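Biologist: I've got this one up on screen and want to go through it piece by piece. Start wherever you like, and I'll keep asking.

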Amino acid sequence: MRYRWNVYEIPTSVEDALTILSTNGSNAKLIAGGTDLLVKLEHEDAKIQMMVDLTEIQDLSRVDEDENCWTIGAAVTLSELEHHPVLSKFAPHLIDAIRTIGSVQIRNVATLVGNVTNASPAADGVLPLLTMDAKVVIASMECKREIPLQSFFKGPGITQCGPKELVVAMKIPKKSRSWLGAFEKLGARCSMAISIVNVAVNLDVVKGIVQDARVAIGAVAPTPMLVEQAADVLRGKPLNCSEMDRAAYFAEKASAPMSDLRGSASYRRKMVHSLTLKCLNRIKAKSELKQ
Amino acid sequence: MQIDVTLFINDTEEKVLVHPADLLVDVIRERLGLLGTKIGCREGECGACTVLIDGQPVNACLVPVLRVRGRHVQTIEGLGCAETPQRLQRVFSEEGAIQCGYCTPGLILATSALLNHNPHPTDADIQYALAGNLCRCGTYTKVFEAIKRVGREQKTGGI
């Protein structure tokens with residue numbers, strides 16, 4: 001039997017976790033669900049000195065709400081979010097994205113923060129968060145800082161979080177009820193599939209006019225990304241076919257996909273266009289229902 | 001380096017010596033001799049190693065054993081056996097939803113978790129709940145029939 005680590009710590013407070021990290025630095029790896037990490041360790045045939053399990057830290061296991069924002073702790077599982085009675089009304093397209101991740105077994109242990117910190121270019125949970133201006137809350141022994149999610153990713157699997165730091169939560173600011181979101185994923189299967197292309201759109205629609213917009217695309221660049229040009233063509237205009245087409249065009253133009261085992265670059269570019277249109281049409285239908 | 005742990009497996013307190021890097025599936029099989037839980041991919045993709053932790057299906061191949069101290073783990077042995085099968089096991093068998101049987105323990109546990117909160121699942125519900133359980137023999141259509149039969153019998157009060 002190949003043992004992947006020597007020590008397994010299960011701290012019960014953020015402070016204890018940070019103390020362990022500050023003494024051990026890059027010899028320690030953080031684990032919550034572990035559904036990406038453990039698979040990676042196997043594939044890389046890696047050996048870690050110490051694992052630091054976050055699942056017993058109460059402060060990280062909560063979903064909090066105040067008048068300004070939602071705070072999702074690092075150890076909150078995808079299943080807990082999926083079944084959260086209030087959050088699903090506030091952020092339905094985030095829940096839609098979560099439901100496309102893995103399987104029941106995976107979602108029962110995997111975490112949204114894990115999806116973010118794993119920093120796959122194809123991360124499904126990340127896209128709706130980007131369209132909601134989410135922030136990443138990072139703690140170290142010295143301080144706590146918040147950075148916008150769009151600045152968090154440096155490259156595939158690489159983030160702003162340092163070896164002695166711990167992402168404690170995602171913060172989602174509350175916006176007006178006129179925002180409507182949609183998420184679309186293209187995968188080889190309906191479940192247990194890594195995205196070939198994914199798209200999330202969030203629009204503030206008032207009386208048929210788009211007040212503000214966010215368009216995010218994934219699996220088509222080194223990191224998930226917001227496409228400002230696509231959002232820009234929608235702002236201040238009614239949500240009709242020509243505007244939606246232009247937004248989809250800019251989303252496609254901004255993508256820089258690779259050809260790999262899941263799809264060719266040209267196919268992915270076309271799918272960005274397609275999924276963006278799907279998202280926009282769904283939001284348009286929702287906005288018409290509201291009126 | 002071995003650590004003494006107390007686990008609750010199928011409502012029984014078990015004391016085992018484990019390595020800090022031991023995974024739940026290996027402790028269940030190798031230390032406790034409960035071979036009903038199978039190993040397929042060791043990547044959380046196939047669901048053959050599905051067990052219930054506090055009633056929730058998880059892939060035991062991705063759970064470090066130290067994490068489940070103090071939590072309730074149920075394996076297929078905790079559900080029923082050949083002499084006294086639980087209803088779900090009996091119906092799977094009668095409906096021909098079992099061929100080689102390798103995926104079956106995981107499927108049954110995932111199904112029992114589904115039926116606990118949704119006693120009359122639709123095809124779409126079943127598909128969503130069992131997406132993490134693969135069957136290489138291809139028993140899927142029979143599995144759906146077995147589950148829907150359990151759902152119907154539940155409604156009409158049949159055993």
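**Inside chain A**

Biologist: Which residue's side chain makes a polar contact with the side chain of Arg107(A)?

Modeller: For a polar contact you need a pair of N or O atoms within 3.5 Å; within protein, one must be able to donate a hydrogen and the other to accept it, and residues adjacent in sequence count only if both atoms are side-chain atoms. At 3.2 Å, the partner of Arg107(A) is Glu82(A).

Biologist: Before we go on, which atoms do the side-chain values use?

Modeller: This is a predicted model: local features need pLDDT of at least 70, side-chain atom pairs count only at pLDDT 80 or more, and totals for chains, interfaces and linings use all residues. Residues are numbered from 1 along each chain as its sequence is written, chains are lettered from A and ligands numbered from 1 in the order in which they are written, and side-chain values, with hydrogens and water left out, use heavy atoms.

Biologist: Back to Arg107(A): is it buried or exposed?

Modeller: Arg107(A) sits in helix H6 of chain A; helices (H or I, at least four residues) and strands (E, at least two) are DSSP runs, numbered from the N terminus. The cut-offs are under 20% relative accessible area for buried, over 50% for exposed and partly exposed in between (1.4 Å probe, protein chains only). Its relative accessible area is 2%, so Arg107(A) is buried.

Biologist: And which residue of chain B is Arg107(A) in contact with?

Modeller: Contact means heavy atoms within 4.5 Å. Leaving aside neighbours within four places in sequence, the list for Arg107(A) includes Ser79(A), Ile98(A) and, from chain B, Tyr128(B).

Biologist: What is the relative accessible area of Ser79(A)?

Modeller: Ser79(A) is in helix H3 (residues 78-82) of chain A. Beyond four places in sequence, it touches Val104(A), Arg107(A) and Asn108(A). Ser79(A) is buried, because its relative accessible area is 9%.

**Between the chains**

Biologist: Which residue forms a salt bridge with Asp53(A)?

Modeller: A salt bridge here is a side-chain nitrogen of Lys or Arg within 4 Å of a carboxyl oxygen of Asp or Glu. The count between chain A and chain B is 1. With the closest N and O atoms 2.9 Å apart, the partner of Asp53(A) is Arg67(B).

Biologist: How many nonpolar residues are on the side of chain A that touches chain B?

Modeller: Strand E1 (5-9), helix H2 (37-43) and helix H6 (104-107) of chain A each supply at least two residues of that side. Nonpolar takes in Ala, Val, Leu, Ile, Met, Phe, Trp, Tyr, Cys and Pro; Asp, Glu, Lys and Arg are charged, and the others, Gly among them, are polar. The split is 5 charged, 9 polar and, for nonpolar, 14.

**Chain B**

Biologist: How many of the 14 residues of H3(B) are buried?

Modeller: H3(B) covers residues 104-117. Its buried residues include Thr104(B), Ile108(B) and Leu115(B). The helix is mostly covered, and the buried count is 12.

Biologist: How far apart are the C-alpha atoms of Cys100(B) and Cys135(B)?

Modeller: Cys100(B) is in the loop between helix H2 (87-94) and H3 of chain B. At a relative accessible area of 57%, Cys100(B) is exposed. The two cysteines are 35 residues apart along the chain, and their C-alpha separation is 9.4 Å.

Biologist: What is the phi of Asp54(B)?

Modeller: Most residues other than glycine have a negative phi. Asp54(B) lies in the loop between E3 and strand E4 (56-59) of chain B. Although Asp54(B) is not a glycine, its phi is positive, about 50°.

Methods
The expected span of a helix is 1.5 Å times one less than its number of residues.
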